[in-house]
Amino acid sequence: MTAQLTIALSKGRIYEETLPLLAASGITAIEDPVQSRKLIINTNHENIRLIIVRATDVPTYVQYGAADFGIAGKDVLIEHDGNGLYQPLNLNIARCRMMVAVRKGFDYVAASQPGCRLRVASKYPNIAAEHFAGKGVHVDLIKLYGSMELAPLVGLADAIVDLVSTGNTLQANNLHAVEHVVDISSQLVVNKAALKLKYAAIQPIIDVFAHARNQEI
Ligand code: AMP
C-alpha cells in the first residue's frame, strides 16, 4: 500500500522555490493555490497532497502530524520551540538576512551601548531578545505581526529586527540596516513519527531535495 503524504508549504517565495524541488522528485501540483484559493492542493500523485498554511504555522502542522513534512524559514523555526520536528536539511532557498534597522539619522551606535535601553519592534521577539542580550543592551520588545518598518517612523520603536532581502523596503521607508543578526534560509522539517512510519515514501524525497540543493550551491 502506498503511504499518504501531506506536505505543508506557505504561499509566496517558499512555495515558488519549492516547486522545482518537488518537480525533481516527480511531484507537480495540479493547481496554483494563488489562483484557486484552495488550501489543499492535489498533485500528480494520488497519495501526495500539499497544504497551504501561514509560514509561521508550518512547524505546528508538522509537529502535530497533520503534515508529514514541510518547508519553513529558519526565522520561523528559531522562534517556534517544538518537539517532534526533525530538521534534516537546509534547503538554501528563500535566503535573506535578519537585521537590526533604524531610521536614517538615528544614532544607533550611541543608543546601543551596553547598559542602554532600546525599544525594539519585531515579529521575532525571541531572536531579538537573544541578540541584544548578547550585546548587553536592555530592550523593551514590542511584538508586531507585520509592517514592522512603520514602527520607527511613527515613534513606536527605536529599532526593528526584521528580514531583509534586497533592502528595497528599508530604503523606501527611510530606514537602513545597522546590524546583522543571523542569515536565514528555508529548512526541511519532518514529523519524527512520520519519518519512521513512512520512511520508504519520505526518505527518497529528502534525498532528491538534498541532491537538487547541492546542484544549486
Ligand atoms: P526586501 O525589500 O527585498 O529587503 O524585503 C523585505 C521585506 O520582505 C520585509 O518586509 C521582510 O519581512 C520580507 N522578507 C524578506 N525576505 C523574506 C523571506 N525570506 N521570508 C519572508 N519574508 C521576507
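Buried residues make up 43% of the 217 residues in this protein, and I should say at once that what we are looking at is a predicted model. The C-alpha trace spans about 65 × 35 × 30 Å along its principal axes, and the chain is organised into 10 helices and 11 strands.

Let me turn now to the ligand. Which pocket does the ligand take up? The space it occupies is the largest pocket, and the elements that give two or more residues to the shell around the ligand are β9, running over 159–164, and α8, running over 168–172. Of these, β9 gives the most, with three residues.

If you would like to follow along in the structure, the residues surrounding the ligand are R13, A94, C96 and E149, together with D162, L163, V164, S165, T166, G167, N168 and T169. By character, this shell divides into four nonpolar, five polar and three charged residues.

Next come the polar contacts, of which I will describe three. A polar side-chain atom of D162 lies 3.1 Å from an oxygen atom of the ligand, whereas at A94 a polar backbone atom is the partner, placed 3.2 Å from a nitrogen atom of the ligand. At G167 a polar backbone atom is again involved, and here the distance to an oxygen atom of the ligand is 2.7 Å.

How much of the ligand's accessible area does the protein cover? On its own the ligand has 500 Å² of accessible area, and the protein covers 68% of that.

Notes:
Residues numbered from 1 in each chain as written. Predicted model: local features only at pLDDT ≥ 70, side-chain atom pairs only at ≥ 80, totals over all residues. Heavy atoms only, no water. Near = heavy atom within 4 Å. Polar contact = N/O pair within 3.5 Å; in protein donor to acceptor, adjacent residues only side chain to side chain. Areas by Shrake-Rupley, 256 points an atom, 1.4 Å probe, with all protein chains shown as cover. 1 Å grid on protein atoms, 1.4 Å probe; cavity = no way out; pocket = protein on both sides within 12 Å on 5 of 7 lines; lining within 4 Å. Sits in = over half its atoms within 2 Å of the grid points. Helix = DSSP H or I, 4+ residues; strand = E, 2+ residues; numbered from the N terminus. Nonpolar A, V, L, I, M, F, W, Y, C, P; charged D, E, K, R; others polar. Buried < 20%, exposed > 50% of the residue type's maximum accessible area, 1.4 Å probe, protein only.
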